[in-house]
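Here is a short briefing for a reader new to this structure. Start with the loop discussed under the heading, then move on to the bullets.

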Amino acid sequence: MKLKKIRSAESRLPLKFKVWIYFVMFTLMVFFLLWLFQILFLQKFYERMKVHGAEQSAAQISQSFESIRDENFYDLITDIAMKNDLCVEVLDRHCRTVFSEEVLGDCLIHGRENKTFSYIQEISQSDKHIIRDRVKNPRSGYDMLIYGCTLGDADKPDGYLLVNSALVPVGSTVMIIKQQLMIITIILIIAAFFISMYLSAHLSAPIDRITRSAEELAKGNFNTKFDGRGYLEAKKLADTLTYAEKELSKVDTMQRDLIANVSHDLRTPLTMLKAYAEMIRDLSGDNPVKRNEHLEIIINETDRLALLVNDILDLSKLESGKQKLTPSEFGISSKLSEIIDRFAGLSEKKGYTIEFAPDEERTVCCDVVKIEQVIYNLINNAINYTGEDKKVYVRQINKPDGVLIEVSDTGQGIEEDKIKLIFDKYYRSENHKREVVGTGLGLSIVKAVLKLHDYDYGVRSTLGKGSTFWFKINL
């Protein structure tokens, strides 16, 4: 519960403040670690380093030993002693000094406090013939490290090696470092404060601009500019919101057009229904001929309303994904012939000719009811837009991987920039010369059904020669 409250509180903090807090916390953590290791543990680090260095130097000298009189051996000792601030004493098997390198000036193996003999006794008595002693120098008061070992064979040594290193207190060094760190800490904390404020403001500025633009978009202003200058993520977010704005603008336009078109299509038949109902009531109620004529118009307009409502419902179900396919096997040639036969009445009444060019019968598997709707809508669209010859062509072309269905008209065609709009709701080409039959949703339903089947579809059009709508039923 507490974690949820903390997260809720964090979610209310602005980005600018969060960035500033994190940067300051990081700076303080760095200085805390710096003070911790440089001040509190400096002495221990120093002592451990000196002990390790002295032992390593002694081990290197011991491993390089070949002969008590080897000049190269003594040159190596001198070099190691000078580089590591070590006093070195080499003795023969009789404990006589054969080489001595004094660097410290006052150590425990040279000068007044010389205890060489006692150290050699310790080496001889130890199990591994090695000693590591930490001894306080009575004159300087410093702790001294004594490292001793045999040279050559441990049981019958050729000589002995003693190394002395001073563990100098670093208290004064610590005080100097502390004063320096104090000054550096104050300067860098002040600098970090202003740098973090600048960085937080710089990082949050694009987000603030995009947020203000998004608020304008939420109010319905689709001309909002999203400025993502600053860094890559902000630019990507701005580009995404710009794309979303364009899509929302299209949806808003389509929604307005849909409402306008539906309102128009509903208003006309409703007005006629009311007008003819009033005429039956006031004028033709006692005249059977006129009454039947008026009732026929009312029935036709009611059918038109029902068709519009059904198309809207069908399209809504298809686009929402609630409509499910019911596949079944059927012969496509016979189905095309059956659908074309339904237009026989229209052909006889208004002079349209539908020419069908079938291919060999082929069995396909898809939702027969919805594919019938697609073919019917494409033929109906071709009838609305065909030329003065009133001819429509339907072709079945068998392919190795499916059946291609084409429906062509001889109308004025579609402009290239309008082809991509032809399947939108309520879009109607202006290249027609007669009253358009339908609701304006036919091609939108075609598109939705074919997408639901995952079938390829499209349109080819040449101005002045007509258009061909096609789709392919996959096997």
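## A glycine between two helices

Glycine 228 sits in the loop that links helix H6 (171-218) to helix H7 (232-284). The model is predicted. Glycine 228 is buried, because its relative accessible area is 8%, under the 20% cut-off. What does glycine 228 touch, leaving aside residues up to four places away in sequence? Its contacts are Arg209, Ile210, Ala234, Lys235 and Ala238. One of these, arginine 209, is 19 residues from glycine 228 along the chain, yet their C-alpha atoms are separated by 7.8 Å.

**The chain as a whole**

- The chain holds 12 helices and 12 strands.
- It has 475 residues, and 36% of them are buried.
- Take the contacts between residues at least 6 apart in sequence: 63% of them join residues at least 24 apart.

**The largest nonpolar core**

- The largest nonpolar core contains 36 residues.
- Ile332, Ile354, Leu378, Ile379, Phe469, Phe471 and Ile473 have the most contacts inside this core.
- Four strands and three helices are named as suppliers of at least two residues each: helix H9 (332-341), strand E8 (363-366), helix H11 (368-385), strand E9 (391-399), strand E10 (402-409), helix H12 (442-453) and strand E12 (466-474).
- H11 gives the largest share of this core, with eight residues.
- Another core lies apart from this one. It has 19 residues, including Ala58, Ile61, Phe73 and Val163.

**Phenylalanine 469, a core residue**

- Phenylalanine 469 belongs to strand E12.
- Is phenylalanine 469 buried or exposed? It is buried, because its relative accessible area is 4%, under the 20% cut-off.
- Leaving out residues up to four places away in sequence, phenylalanine 469 touches Leu378, Asn381, Ile405, Glu406, Val407, Ile414, Ile422, Phe423, Leu443, Gly458 and Val459.
- Phenylalanine 469 and valine 394 are 75 residues apart in sequence. From C-alpha to C-alpha, they are 9.8 Å apart in space.

**Glutamate 406, a partner of phenylalanine 469**

- Glutamate 406 is part of strand E10.
- Its relative accessibility is 7%, so glutamate 406 counts as buried.
- Phe469 is among the residues that glutamate 406 touches. The others are Tyr393, Val394, Arg395, Ile397, Arg460, Thr468 and Trp470, again not counting residues up to four places away in sequence.
- Glutamate 406 and glutamine 396 are 10 residues apart along the chain, and their C-alpha atoms are separated by 6.7 Å.

**How H11 meets H12**

- Two packed helices are described by the angle between their axes and the distance between the axes.
- For H11 and H12, the angle is about 145° and the axes are 9 Å apart.
- The crossing of H11 past H12 is left-handed.
- H11 brings Lys370, Ile371, Gln373, Val374, Asn377, Leu378 and Asn381 to the contact.
- H12 meets them with Gly442, Leu443, Ile445, Val446, Val449, Leu450 and His453.
- Sorted by class, this contact has eight nonpolar, five polar and one charged residues.

**The buried side of H9**

- Which residues are buried in H9? Ile332, Ser333, Lys335, Leu336, Ile339 and Ile340 are.
- These residues lie on the same side of H9, because they cover an arc of only 165° around the axis.

**Two residues with positive phi**

- Most residues other than glycine have a negative phi.
- Cysteine 95 is not a glycine, yet its phi is positive, about 70°.
- Cysteine 95 is located in the loop between strand E1 (87-92) and strand E2 (97-101).
- With a relative accessible area of 27%, cysteine 95 is partly exposed.
- Histidine 129 also has a positive phi, near 60°, in a residue other than glycine.
- Histidine 129 is in the loop between helix H5 (116-125) and strand E3 (130-136).
- Histidine 129 is buried, because its relative accessible area is 16%, under the 20% cut-off.

How values were computed
Residues are numbered from 1 along each chain as its sequence is written. This is a predicted model: local features need pLDDT of at least 70, side-chain atom pairs count only at pLDDT 80 or more; totals for chains, interfaces and linings use all residues. Side-chain values use heavy atoms; hydrogens and water are left out. A nonpolar core is a set of buried Ala, Val, Leu, Ile, Met, Phe, Trp, Tyr and Cys residues joined through side-chain atoms within 4.5 Å. Buried means under 20% relative accessible area, exposed over 50%, partly exposed in between (1.4 Å probe, protein chains only). Axes are lines fitted to C-alpha atoms, for helices over the stretch in contact, and angles run from 0 to 180 degrees between N-to-C directions. A crossing is left-handed if the near helix is turned anticlockwise from the far one by less than a right angle, and right-handed if clockwise. Contact means heavy atoms within 4.5 Å. Ala, Val, Leu, Ile, Met, Phe, Trp, Tyr, Cys and Pro count as nonpolar, Asp, Glu, Lys and Arg as charged, and the others, Gly among them, as polar. The arc is that of the directions from the helix axis to the C-beta atoms.
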